[in-house]
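Here is a short briefing on one protein chain and its metal site. Please look over the sequence and the model first.

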Amino acid sequence: MIFGLLLHILAATIWVGGMFFAHFMLRPAAAPLEPGVRLPLMRRALARFFPWVWVSIALLALSGAGMIKLGADSLSIQIMMGLGIVMMLAFGHLYFAPWRRFQRALDGGDLPAAAAQLTQVRAIVTFNLVLGLVVVAIGATGRYWQ
Ligand code: HEM
């Protein structure tokens with residue numbers, strides 16, 4: 001249980017913290033750059049972040065399911081699981097639709113198309129960041145309000 005919780009909380013920290021950094025630090029810092037510089041920079045940064053998101057998703061789902069199997073059960077856990085699954089589906093969509101199209105457009109030298117796809121990526125990351133912060137708040141405080 002402790003081991004599962006440890007993996008769970010480390011994975012949540014990496015995923016949500018990475019989104020917070022991408023949204024509030026990386027994106028505004030890159031915004032003034034020319035598209036020809038900014039888009040490849042965002043590609044290199046996100047290409048390093050997304051594999052960690054896949055690892056985090058695997059760890060969150062496995063450790064979460066493991067803790068439930070060991071007896072953890074409450075309203076806050078149900079809410080966490082529901083919202084967590086929404087976050088995972090949203091990331092899956094981000095990865096296989098706009099992220100793929102973004103890379104293809106960039107490879108083809110179509111900067112406006114790449115920029116449009118990156119806007120989609122950003123919208124989903126923002127959505128997941130808000131949801132992730134809510135899930136962390138619910139998961140960590142649940143024991144005190146139920
Ligand atoms: C996908 C399904 C998920 C399941 C089945 C799940 C399940 C669980 C379980 C069973 C616990 C232990 C709660 C307890 O015993 O009090 C827990 C804790 C927690 N989970 Fe999740 N979780 C999921 C997703 C997530 C996600 C996506 C995040 C964050 C992005 C998250 C963040 C947390 C946090 C912050 C805690 C509290 C740790 C603590 O302070 O004790 N979980 N989760």
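Residues 24 or more positions apart account for 83% of the contacts in the chain with a separation of 6 or more. The model is predicted. The chain carries 4 helices and 0 strands. An iron atom of the ligand takes protein donors from H8 and M80.

**Overall build**

- From the N terminus on, the order of elements is α-α-α-α.
- The C-alpha trace spans about 55 × 25 × 20 Å along its principal axes.
- The chain has 146 residues, and 36% of them are buried.

**Surface and charge**

- The accessible surface of the chain is about 8400 Å². Carbon and sulfur atoms hold 72% of that surface.
- Positive side chains number 11, and negative ones number 4.
- The centres of these two charge sets lie 5 Å apart.

**Iron site**

- The protein donor atoms are NE2 of H8 and SD of M80. They lie 2.0 to 2.1 Å from the iron atom of the ligand.
- The iron atom has 6 donor atoms, and its site is octahedral. Angles among these donors run from 81 to 179 degrees.
- For six octahedral donors, the ideal angles are 90 or 180 degrees.
- H8 sits in helix α1 (residues 2-30), while M80 sits in helix α3 (residues 75-107). The pair therefore ties together parts that are 72 residues apart in sequence.
- H8 has a relative accessible area of 14%, so it counts as buried. The cut-off for buried is under 20%.

**G18 and M19 in helix α1**

- G18 lies in helix α1, and M19 is also placed in helix α1.
- G18 has 18% relative accessibility, so this glycine counts as buried. M19 is buried too, with a relative accessible area of 2%.
- Not counting residues up to four places away in sequence, G18 touches T13 and F49.
- With the same neighbours left out, M19 touches F49, M87, V125, N128 and L129. F49 is thus touched by G18 and by M19.
- The C-alpha atoms of G18 and R101 are 22 Å apart, and the two residues are separated by 83 residues along the chain.
- M19 and E34 are 15 residues apart along the chain, yet their C-alpha atoms are separated by 23 Å.

**G132 in helix α4**

- G132 is found in helix α4 (residues 111-145).
- Its relative accessibility is 2%, so G132 counts as buried.
- Which residues does G132 contact, leaving aside its neighbours within four places in sequence? The contacts are V16 and M87.
- M87 is in contact with G132, and M87 is also touched by M19.
- G132 and A12 are 120 residues apart along the chain, while their C-alpha atoms are separated by 8.0 Å.

Methods
Residues are numbered from 1 along each chain as its sequence is written. This is a predicted model: local features need pLDDT of at least 70, side-chain atom pairs count only at pLDDT 80 or more; totals for chains, interfaces and linings use all residues. Side-chain values use heavy atoms; hydrogens and water are left out. Donors are N, O and S atoms within 2.8 Å of the metal (3.2 Å for Na, K and Ca); water is not among the atoms, so sites may look incomplete. Four donors count as tetrahedral if all angles lie between 85 and 135 degrees; four count as square planar and six as octahedral if opposite donors are over 155 degrees apart and all others between 65 and 115; anything else is irregular. Helices (H or I, at least four residues) and strands (E, at least two) are DSSP runs, numbered from the N terminus. Buried means under 20% relative accessible area, exposed over 50%, partly exposed in between (1.4 Å probe, protein chains only). Contact means heavy atoms within 4.5 Å. Accessible areas come from the Shrake-Rupley method with a 1.4 Å probe; for residues, only the protein chains shown count as cover. Lys and Arg count as positive and Asp and Glu as negative; His and the chain ends are not counted. The place of a charge is taken as NZ of Lys, CZ of Arg, CG of Asp or CD of Glu.
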